[in-house]
Amino acid sequence: MRVLGVDPGLTRCGVGVVEGVAGRPLTMRGVGVVRTPADAELGLRLVAIEQGIEQWLDEYEPEYVAVERVFSQHNVRTVMGTAQASAVAMLCAARRGIPVALHTPSEVKAAVTGNGRADKAQVGAMVTRLLRLAEPPKPADAADALALAICHIWRAPAQTRLQQAAARIGPDRAVAQNRLQQAAAAHAAHQASKGRTA
């Protein structure tokens, strides 16, 4: 499985590609940051992010794209920029038919370090160890992007099993509901006929 992780941001959008399967050693295929100038017009910055992500999709051809799920922060302006960059990444993947997974920061930290409240230094250190790198990727946005890809590779099998189980339960539940409705209708008809004959 090859996953492009995207740590969204307007000024620095971390990107990293990891390949492998759960339970086996993982391999980093590429890591970097798509940058935009802080003084540029918003629309132009979003176009620059789109172009950068498209280049990564062209070069690495990932099977999945894992994007950090935007969560509420005190700084609304930061959240807006992060959400806009996140939407661009999802759009680029969707346009190519690549499945997109969203993971919260705490899910990623827990998957990579075992602690959902780990700091950036801990995440960087574990990414370095898990991918057998000489040093932590810099800036932290790049390490976070790799962590997202690792998280998805490790979580995807369990998520797939849950989805398959839900799909199996779905038809059974529909059949059960249909039988219940039929029984209720039959009971109502029986009660109605008793009322008519009384």
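Which residues have the most contacts inside the largest nonpolar core? They are L4, V6, I49, I53, W56, L57 and V65, in a core of 20 residues; a nonpolar core here is a set of buried Ala, Val, Leu, Ile, Met, Phe, Trp, Tyr and Cys residues joined through side-chain atoms within 4.5 Å, and buried means under 20% relative accessible area, exposed over 50% and partly exposed in between, with a 1.4 Å probe and protein chains only.

The structure is a predicted model, in which local features need pLDDT of at least 70 and side-chain atom pairs count only at pLDDT 80 or more, while totals for chains, interfaces and linings use all residues. Residues are numbered from 1 along each chain as its sequence is written, and side-chain values use heavy atoms, with hydrogens and water left out.

**Overall layout**

The chain holds five helices and five strands, taken as DSSP runs (helices H or I with at least four residues, strands E with at least two) and numbered from the N terminus. Read from the N terminus, the elements follow the order β-β-β-α-β-α-β-α-α-α. Of the 198 residues, 35% count as buried.

**The sheet**

The five strands make an open sheet of mixed pairing, in the order 3-2-1-4-5, where two strands pair if DSSP finds at least two bridges between them. Strand 3 (27-35) and strand 5 (100-103) are at the edges with a single partner strand each, so one side of each has no neighbour in the sheet. On average, neighbouring strands are turned by 20 degrees against each other, direction ignored; the axes are lines fitted to C-alpha atoms, for helices over the stretch in contact, and angles run from 0 to 180 degrees between N-to-C directions. Three of the pairings can be set side by side.

| Strand pair | Sense | Bridges | Opposed residues |
|---|---|---|---|
| Strand 1 and strand 2 | antiparallel | six | R2 and E19 |
| Strand 1 and strand 4 | parallel | four | G5 and A66 |
| Strand 4 and strand 5 | parallel | four | V67 and L102 |

A hairpin of four residues links strand 1 to strand 2. Five of the six residues of strand 1 are buried, so this strand is largely enclosed by the rest of the structure.

**Helix 2 and the cores**

Helix 2 (residues 76-95) packs on the sheet, where it touches strand 1 (2-7), strand 4 and strand 5, and its direction makes about 170 degrees with that of strand 4. Its buried residues include V79, A85, V88 and C92, and the buried residues of this helix pack against strand 1, helix 1, strand 4 and strand 5. Just after helix 2, G97 takes a positive phi of about 75 degrees.

To the largest core, at least two residues each come from strand 1, strand 2 (12-19), helix 1 (42-60), strand 4 and helix 2. Apart from its neighbours within four places in sequence, I49 is in contact (heavy atoms within 4.5 Å) with G9, L10, C13, V34, T36, A85 and V88. A second, separate core has 17 residues, among them V3, A66, V123 and L131.

**W154 in helix 5**

W154 lies in helix 5 (residues 140-197) and, at 30% relative accessibility, counts as partly exposed. Leaving aside neighbours within four places in sequence, W154 is in contact with A22, L26, A111, V112 and L130. The C-alpha atoms of W154 and G23 are separated by 7.8 Å, although these residues are 131 residues apart along the chain.
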